Amino acid sequence: MKTIIIILLLAVSIPAYSDYGWLRQNSNTTNKFSGVYMFDQSRAIAVGFNGLMRTTTNGGIVWQLSSTGISTNFHKVFFLNNNIGIIIGEQGLLIRTTDGGSTWNSISMGTSLNLATIRFIKIAGDVTNTGFVTGENGLVYKTTNAGANWDLLSTGTAQLLTGISFPDMTTGYAAGYNSTLIKTTNGGTTWTPKNTGTSGVTFYGMEFFDANNGVITGGSASYTDGKILITTDGGSTWSVKLNFPSANFTIPHYLNRLNFICRGKWRYNFKIV
């Protein structure tokens with residue numbers, strides 16, 4: 001069957017945000033934000049460098065200062081529900097709350113390396129207690145009790161892993177620097193390298209709709225030479241669906257089986273038919 005890619009390309013320069021439904025929010029800080037989690041359309045938490053934390057309960061109209069008492073750079077935040085949440089960051093930082101963010105407790109990960117991303121497996125739209133954290137030097141940690149305890153997995157790579165995706169409880173993929181892609185079919189116990197047909201590419205994000213269909217986004221270390229790669233056979237083969245020389249792409253998000261959006265310097269909406 002012939003494949004047609006329809007691309008909706010929208011420039012996202014700051015003056016144009018409102019034209020596409022985006023409004024600039026005043027966070028009252030000049031520190032860098034690195035992660036955000038939306039509970040619903042009104043409530044959200046954002047984290048960043050130097051222990052930065054802001055929360056909103058009115059859809060971002062007002063962002064309130066919050067604090068964990070930690071000044072380490074935060075990278076990502078994720079909540080399993082309204083009470084249990086996790087923040088990861090530099091120097092092996094992982095802190096956890098069980099009361100919606102009122103208090104946070106540090107959990108030792110046994111490393112001083114930087115942690116990059118955190119994901120929990122969803123089944124039928126519900127977040128499970130099984131999740132993963134990735135980081136430098138090929139780090140992948142796994143929890144099966146909502147982040148209370150973590151086990152270090154052996155991945156066989158020393159590259160920084162920036163993205164991880166588990167479409168089900170056993171099949172998972174992790175990607176990162178230097179075109180690194182690894183796959184597991186036993187819940188992370190063992191990992192196998194996969195060849196994407198690229199070299200020297202930094203993968204910044206990935207998402208799998210199911211065990212076979214996935215997308216990886218990335219580019220060069222200088223944030224150019226953007227690439228979007230797609231697989232339909234569980235990572236055995238990959239096709240480059242787009243090369244874009246003046247930007248890279250991060251964090252693909254599936255809307256449904258045939259549509260996904262990639263963030264970057266530009267916004268892309270792909271429909272594959």
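Two residues are in contact when heavy atoms of each lie within 4.5 Å. The exercises below concern a predicted model.

**Exercise 1. Overall character**

Determine what share of the contacts between residues at least 6 apart in sequence joins residues at least 24 apart, and describe the make-up of the protein.

*Solution.* Step 1: of the contacts between residues at least 6 apart in sequence, 38% link residues at least 24 apart. Step 2: the secondary structure consists of 24 strands and 0 helices. Step 3: of the 273 residues, 48% are buried. Step 4: the accessible surface is about 13,300 Å², and carbon and sulfur atoms account for 50% of that surface.

**Exercise 2. The largest nonpolar core**

Identify which residues have the most contacts inside the largest nonpolar core, and which elements supply two or more residues to that core.

*Solution.* Step 1: the core contains 28 residues, and those with the most contacts inside it are Ile45, Ile86, Ile87, Leu94, Ile118, Val133 and Trp150. Step 2: two or more residues come from each of strands E3 (44-48), E6 (74-79), E7 (85-89), E8 (94-97) and E10 (115-123). Step 3: the greatest contribution is that of E6, with 4 residues. Step 4: take Ile118 as an example; beyond its neighbours within four places in sequence, Ile118 touches Lys76, Phe78, Ile86, Ile88, Phe132, Val133 and Trp150.

**Exercise 3. An open sheet**

Establish the strand order of the open sheet that includes E2, and state which strands lie at its edges.

*Solution.* Step 1: the sheet has 4 strands in the order E2-E3-E4-E5, with antiparallel pairing. Step 2: strands E2 (33-38) and E5 (64-65) each pair on one side only, which makes them the edge strands. Step 3: E5 is joined to strand E4 (residues 53-56) by 2 bridges, in the antiparallel sense. Step 4: within this pairing, Arg54 has Leu65 in E5 as its bridge partner.

**Exercise 4. Strand E14 and its partner**

Decide whether strand E14 is largely enclosed or open, and describe how E14 pairs with E15.

*Solution.* Step 1: a residue counts as buried when its relative accessible area is under 20%. Step 2: 5 of the 5 residues of E14 (residues 161-165) are buried, and therefore the strand is largely enclosed by the rest of the structure. Step 3: E14 pairs with strand E15 (residues 172-176) over 4 bridges, in the antiparallel sense. Step 4: the two strands form a hairpin, with 6 residues between them. Step 5: across the pairing, Tyr173 in E15 is opposite Ser165.

Methods:
Residues are numbered from 1 along each chain as its sequence is written. This is a predicted model: local features need pLDDT of at least 70, side-chain atom pairs count only at pLDDT 80 or more; totals for chains, interfaces and linings use all residues. Side-chain values use heavy atoms; hydrogens and water are left out. Buried means under 20% relative accessible area, exposed over 50%, partly exposed in between (1.4 Å probe, protein chains only). Accessible areas come from the Shrake-Rupley method with a 1.4 Å probe; for residues, only the protein chains shown count as cover. Two strands pair if DSSP finds at least two bridges between them. A nonpolar core is a set of buried Ala, Val, Leu, Ile, Met, Phe, Trp, Tyr and Cys residues joined through side-chain atoms within 4.5 Å.
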